[in-house]
Amino acid sequence: MSSELEEGLELRLDFGKLAAVAATGAQVVPVVLQDADSGEVLFVGYANDEALKASLEEGIAVLWSTSRNELWRKGATSGDTLALVEVRVNCEQNSLLYLVRPTTGGACHTRTPSGRSRRTCYYRAIGDDGALRPVPGAFA
């Protein structure tokens, strides 16, 4: 299912996301998910203690869904599982880096026009005019 927000080229950043997460009282840290081989950033999610423990035990990316308030095993519904290679902690211990290997080639819940999961959620860039533009190859 496509939406203007997820597929369009109009810049509509959600500057209220972190305030909304904080308002729930959820005890989470941001997690950057990065392809361990290519270095490409796939997306940013959140983890609580339970999600981190599950990731380490199961060897896959497990996050905390801030919209559903539940554990989210990446790929449970899409099939786009991310195998966990390593977890790194930043200097202030307030964010994580999951180094992962996509098992199917995709990481994003959005799809290309041909129906494949996109490799990364970062498939649009801000142009000089402030509008979004497709990253070459990301819409194929």
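User: Which residue in the turn of the hairpin formed by strand 3 and strand 4 has a positive phi?
Analyst: In this predicted model, local features need pLDDT of at least 70 and side-chain atom pairs count only at pLDDT 80 or more, whereas totals for chains, interfaces and linings use all residues. Residues are numbered from 1 along each chain as its sequence is written, and side-chain values use heavy atoms, with hydrogens and water left out. Strand 3 and strand 4 (strands being DSSP runs of E with at least two residues, and helices runs of H or I with at least four, numbered from the N terminus) have four residues between them in the hairpin. With a phi of about 55 degrees, the residue in question is Asn-69.

User: Which residue is the bridge partner of Trp-64 in strand 4?
Analyst: Strand 3 and strand 4 run antiparallel and are joined by four bridges; two strands are taken to pair if DSSP finds at least two bridges between them. Within strand 4, the partner of Trp-64 is Leu-71.

User: What is the order of the strands in the open sheet of four strands?
Analyst: The pairing in this sheet is mixed, and its edges are strand 2 (41-47) and strand 5 (82-89), each of which pairs on one side only. Strand 1 (residues 29-35) runs antiparallel to strand 2 across six bridges, while strand 1 and strand 6 are parallel over five bridges. The order is therefore given as 2-1-6-5.

User: Which residue takes a positive phi in the hairpin of strand 1 and strand 2?
Analyst: Along the ladder of these two strands, Pro-30 stands opposite Tyr-46, and Gln-34 stands opposite Val-41. The hairpin has five residues between the strands, and the one whose phi is positive, near 85 degrees, is Gly-39.

User: Which residue in strand 6 is the bridge partner of Asp-35?
Analyst: Here the pairing of strand 1 is with strand 6, in the parallel sense and over five bridges. The partner of Asp-35 in strand 6 is Val-100.

User: Which strand gives the most to the lining of the largest pocket?
Analyst: The largest pocket encloses about 1,600 Å³ of space, where a pocket is, on a 1 Å grid over the protein atoms alone, an open set of points for a 1.4 Å probe with protein on both sides within 12 Å along at least five of seven lines, its lining residues having an atom within 4 Å of a point; points are joined across faces, edges and corners, and the volume is the space filled by probe spheres set on them. Of its 37 lining residues, the closest to the centre are Lys-17, Phe-43, Val-44, His-109 and Cys-121. Elements that each supply at least two lining residues include helix 1 (4-7), helix 2 (17-24), strand 3 (62-65) and strand 4 (70-73). With four residues, the strand that gives the most is strand 2.

User: What is the radius of gyration of the protein?
Analyst: The protein has three helices and eight strands, which follow one another along the sequence as α-α-β-β-α-β-β-β-β-β-β. The globule rule (2.2 Å times the number of residues to the power 0.38, with the radius taken over C-alpha atoms) gives 14 Å for 140 residues, and the value found is close to this, so the protein is as compact as a globular protein of that length, with a radius of gyration of 15 Å.

User: How far apart in space are Ser-114 and Glu-4, C-alpha to C-alpha?
Analyst: Ser-114 lies in the loop between strand 6 (96-102) and strand 7 (124-126). In sequence, Ser-114 and Glu-4 are 110 residues apart, and their C-alpha atoms are separated in space by 18 Å.
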